[in-house]
Amino acid sequence: MEAHGRTPNRRTLLRSGALIATASLGAAATGAAHATDTNSTGKRRRRAAADYPPTHWIPASSSNYRVSDRPTSYPIEFVVIHVTQETFQDAMKIFQDPAKQVSAHYMVASADGYIGQFVREKDVAWHAGNTDYNNRSIGIEHEGWVDQPEWFTDELYASSAALTAAVCDRFAIPKDRAHIIGHSEVPGADHTDPGPLWDWDRYIDLVNGV
């Protein structure tokens with residue numbers, strides 16, 4: 001998602017985190033209301049939680065991804081790193097708008113590393129602009145703008161790297177730059193994210209626990 005941005009100050013970043021937390025409380029309340037159902041014997045059962053435990057489930061519109069059964073239907077071989085070019089809240093609205101035809105599996109907030117999950121890992125999110133790569137990857141968005149590295153906070157890097165490490169462990173994806181790639185590196189991509197200011201050396205070290 002590429003758009004014109006603005007330069008944030010600390011208050012803006014903290015306010016962003018606070019608003020996300022407020023939104024997540026609403027999502028959590030909704031999730032709690034639907035977290036259980038009743039089977040034919042009258043017993044209660046829990047529905048599946050988010051794929052990565054520290055995330056909050058904030059479902060994208062069902063019009064913005066494809067239901068699948070990965071890795072049975074397609075092997076998961078890549079993690080694709082994105083930058084939203086939007087605030088977390090605005091990107092969230094885009095994922096929930098059925099007319100947008102776009103989504104990612106996860107999004108990481110700048111202020112505190114909060115992670116929202118929008119699409120289940122088994123399903124195909126529409127994030128890479130390439131059907132083959134969509135089928136075989138997990139997409140992670142990061143709140144911010146490619147030309148404003150102040151959005152790439154320590155909290156964002158650490159939280160995202162832990163998420164990527166967990167995804168790689170789950171699907172036996174090598175933790176290297178051949179398999180953890182930027183949106184701009186997807187064949188046929190017309191996006192520039194995460195851009196030249198994204199610290200790949202630092203990120204891959206964090207993913208590998210260095």
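1. pLDDT is the predictor's confidence in each residue, on a scale from 0 to 100, and in this predicted model the chain averages 83, with 75% of the residues scoring at least 70. Over residues 2–18 the pLDDT is below 50, although this stretch has 31 contacts (heavy atoms within 4.5 Å) beyond near neighbours in sequence. Residues 21–49 also stay under 50, and for them the model has 21 contacts beyond four places in sequence.

2. Residues are numbered from 1 along each chain as its sequence is written. Local features need pLDDT of at least 70 and side-chain atom pairs count only at pLDDT 80 or more, whereas totals for chains, interfaces and linings use all residues, and side-chain values use heavy atoms, leaving out hydrogens and water.

3. Six of the six residues of the strand β9 are buried (under 20% relative accessible area, 1.4 Å probe, protein chains only), so β9 is largely enclosed by the rest of the structure. Ser137, Gly139 and Glu141 point one way from β9, while Ile138, Ile140 and His142 point the other way.

4. β9 runs parallel to β5, joined to it by four bridges, and Val80 stands opposite Gly139 of β9. β6 and β9 likewise pair in the parallel sense, over three bridges, with Val108 opposite His142.

5. The largest nonpolar core (buried Ala, Val, Leu, Ile, Met, Phe, Trp, Tyr and Cys residues joined through side-chain atoms within 4.5 Å) has 30 residues, and Trp198 and Tyr203 are among those with the most contacts inside it. α4 gives the most to this core, with nine residues. Leaving aside residues up to four places away in sequence, Trp198 touches Ile81, His142, Phe152, Leu156, Tyr157 and Tyr203.

Note on methods. Buried < 20%, exposed > 50% of the residue type's maximum accessible area, 1.4 Å probe, protein only. Helix = DSSP H or I, 4+ residues; strand = E, 2+ residues; numbered from the N terminus. Pairing = 2+ DSSP bridges.
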